[in-house]
Each structure stands twice: as C-alpha cells, then as structure tokens.
Amino acid sequence: MAHLHAFATDDVRLQGVAAKVLAGERLNAADALLLYGTADVLALGWLANHVREHMHGDRTYFNVNRHINPTNVCVAACRLCAFGRKKDAPGAYTMALEEAFSTAASGHNEAVTEFHIVGGLHPDLPFQYFLDLCLGLKQRFPHVHLKAFTMVEIAYLAKRAKLSIRETLVQLKAAGIDSLPGGGAEIFADRVRHIICDHKIDGDQWLDTARTAHQLGLKSNATMLYGHVENNEDRVDHLLRLRALQDETGGFQTFIPLAFHPDNTPLQHLPKTTGILDIKQIAISRLVLDNFPHIKAYWQMLTPKIAQISLRFGADDIDGTVIEEKIYHDAGATTPQGMRRQELIRLIREAGREPVERDTLYRPVIRNETSVTVAV
Ligand code: V47
C-alpha cells in the first residue's frame, strides 16, 4: 500500500490501471490502449519501474556478444528492411564458412559468451551450410552460446529442405543452436504485414514456429517493430498474442521492442520514432507482458541515451557489446557498431542500477583476468 500513496498522476483515467498494476492484476487490451493514450509518461514509467523493481530490483543485465550476419542475400523484399539484397545486386555478400568462422574469432578477444546469428533468406544456400556453420562454430568456440536464426529463417530453411519445422529445429539443435533470437515478428496483424513485410511468414506461423522451438526446449526472444504504419490497436494485439503463447509455453526470455529506422528503406518517407514513444513502448511492454521475465532496451536501436533512460522506465536489459551491427546501420542508425563492456557498465551505473553480466540464459558471468565462468 505504501506504493499506492507514492503513485500520482494528472491523468485520472490512469488510476484504474494503476490500481490493477499495484494489485498484481493482469492488464487487458483496453488498459493497454489507455496507456498508449496517456501523456503522463512519468506516471506510466513509475508503474513500469515498480513492476521492474519488483521482478529484478536494481539488477540490469548485459552480455558480451558478437553479431554474425552470414548473408544479406534475401528472397523477401520487405519494405521495412535496408539490409537484404537480391543475389546479383551491388553490395550482396555471402560468407564462405571459413569467413564466418574468422568473423566469429575476431570478437573473441573480448571473451564473447554469445554469437547472435541472423541473415537473409538465401535462395541457394543448402540447409547443410547452416548445419555446418553451427557445427563449425561449436567446434571452434565450444563455450559460446549460439543464439541463431529467427522464426522466419527457420520456416524458410524448413521449406527449402522439405522438412517440417520441428525436424528442422531438431537438426539445428543437434548441430549446436542453443536458443533463438526474437526477430521477424514485426507486427503480427495481416494488414500491417502486407505493407511492411509481405513475403514473410504470417503472424500465426511465426507464433507456431516459436511454439515448436519452445516445445523442443529451445528458449527464444520476441520482438515488435514499431513506429511505421501500425496503430496502437496493432501494437496491443501483438503484445497480447505474445503473452498468450508465453502462458502456454513459458519459452520466451526477453521482449525487445525495436524502433523502426526508415533510412534507405522503401518506407524512408516515414518519420523516425520520438524519444517519448520509445520510452512509452518500453514501459507498456513491461506492464502488459507480465509473464515475460525480461524487457530489453536494445541500445543499438534506441541510442545509448534512450536505452539508459529506459532502465528507469521498465527495462532490465540493455543487450550487449554487439560488435559490428549491420541491419540498423544499413537503415541509417548513427549509433556506434559496438560498445565496450566498460562503457555498458558505466551507462548502467549512472542510471543508478547494478550491472550484471549475463550469459544468454541469464546466468551471471563471473570474470577474472584469465578465465570466464558462468555461475549456475
Ligand atoms: O526482424 C530490420 C528489424 C530485426 C529494420 O533476440 C529493422 O536478442 C528497424 O530481431 N529498422 C532483426 N528495425 C533484429 C532482431 C534482434 C536484435 C537484437 C537482439 C535480438 C535478440 C533480436 O531487425 C528484424 C526487423 O524487425 N529491422 N530492418 C529497420 N530498417
């Protein structure tokens, strides 16, 4: 009850939602829409922070990871994307396996604990390439977690290999993948999907693929791309569909709202997201997704400054060192392509939080001069 007294808002409509949050009750679609509609971001942030501190205290997670994008060749021509290229287009690339292994090695001196591997839907690369990629990485870097391939890539590989989604995931798991990233979810609503990513699997297929991964014991993340042609109803629908699947499987670890970067995409006429929308989206995600353990403020997308502020508006994770980000930089992001461990720690400390280096499964990583161990 002490908290009830601390909560204050000029927006009387928020009081009902606040009472629910403080009582630990689940929010519904109408509540979520009301949160999008409020101008009282401090009250919204206060509530999200209340939930965040209840779940995690001051603990704020980051990891030391490296992104590997094996190819930007992609059969889909998503209007949201500036990364994908047709096979013969200028700038198209596909890494030979040895190239992917040396790319992986080039971040290894920071003792990365995770490779984040996503790429285009390449029309010719055989399924075996992806199995060999995972096997080769595991052989060379046995302690590094492979967070690899979005649900969209999994569905495409399955189609090309003429395998079920389940069998595709079983074989990739045997080859070394440990979990899946959250990309490709975009906005589930068909109307929006037709505009921004017409050739991708639809929302239900994305959710079905995630369900299958979770059933096989693979954790995954989930994302939502916001700030383009979607409306608040589409955002709420997206969040509620994720929450429903999480009730069923418990397989999601982290939700990552991704701010749309329009530059160099066919949607470049659209304005960029604003700081207020970014902060609100973090807070609403924390409040609506009550069954997601973590909300990530991905600094690459949000900028380090907004990501840092997010740590007091509901986010408990700031992603990692990244090293060589390509997808948003092709779309005009001006953030650095990577960040040192010490810099991430400074951002977190200055937000009054306690930095916790984690592995991909959120186990604390303990470092000393000569070795890295994961506390279990
Ligand atoms: O699905 C593509 C997005 C996603 C643009 O799981 C764009 O830990 C903004 O999912 N502007 C891939 N966004 C990245 C991703 C991700 C990132 C960090 C961490 C994790 C995780 C996952 O990037 C795509 C799409 O939604 N994207 N183009 C663009 N122009």
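# Notebook: the ligand and the empty spaces

**Entry 1, where the ligand is.** I looked for the ligand and found that it sits in the largest pocket. Note to self: this is a predicted model. Next I checked which elements give two or more residues to the shell around the ligand, and I got β6 (219–226), β7 (252–259) and α15 (327–330).

**Entry 2, the neighbours.** I listed 25 residues around the ligand. Lys147, Gly182, Gly184, Glu186 and Lys296 come nearest. Then I sorted the shell by class: 13 residues are nonpolar, eight are polar and four are charged.

**Entry 3, polar contacts.** I went after pairs of polar atoms here. Leu80 puts a polar backbone atom 2.8 Å from a nitrogen atom of the ligand. For His261, a backbone N or O atom is 2.8 Å from a ligand nitrogen atom. Asn221 uses its side chain: a polar atom there lies 3.0 Å from an oxygen atom of the ligand. How much of the ligand does the protein bury? Taken alone, the ligand exposes 620 Å², and the protein buries 96% of that.

**Entry 4, the pocket itself.** I turned to the largest pocket and got about 830 Å³ of space. I counted 46 residues in its lining. Leu80, Gly184, Glu186, Lys200 and Ile327 are the ones that lie nearest the pocket's centre. Three of my earlier names are back: Leu80 makes that backbone contact with the ligand, while Gly184 and Glu186 are among the residues that come nearest the ligand. Which elements each supply at least two residues of this lining? I noted α7, β6, β7 and α15. By class, I got 24 nonpolar, 13 polar and nine charged residues in the lining.

**Entry 5, a closed space.** Why roll a probe at all? Rolling one the size of a water molecule over the atoms shows where empty space is left. I found one cavity of 30 Å³ or more in the structure. The largest cavity holds about 40 Å³ of space. I wrote down its lining as Gly120, Leu121, His122, Phe130, Phe149, Glu153, Tyr156 and Leu157. Which helix gives the most to that lining? I got α7 (residues 151–161), with three residues. Helix α7 also turned up in my pocket entry, where it supplies at least two lining residues. For the cavity lining, my class count is five nonpolar, two polar and one charged.

Note on methods:
Residues numbered from 1 in each chain as written. Predicted model: local features only at pLDDT ≥ 70, side-chain atom pairs only at ≥ 80, totals over all residues. Heavy atoms only, no water. Near = heavy atom within 4 Å. Polar contact = N/O pair within 3.5 Å; in protein donor to acceptor, adjacent residues only side chain to side chain. Areas by Shrake-Rupley, 256 points an atom, 1.4 Å probe, with all protein chains shown as cover. 1 Å grid on protein atoms, 1.4 Å probe; cavity = no way out; pocket = protein on both sides within 12 Å on 5 of 7 lines; lining within 4 Å. Sits in = over half its atoms within 2 Å of the grid points. Helix = DSSP H or I, 4+ residues; strand = E, 2+ residues; numbered from the N terminus. Nonpolar A, V, L, I, M, F, W, Y, C, P; charged D, E, K, R; others polar. Points joined across faces, edges and corners; volume = space filled by probe spheres on them.
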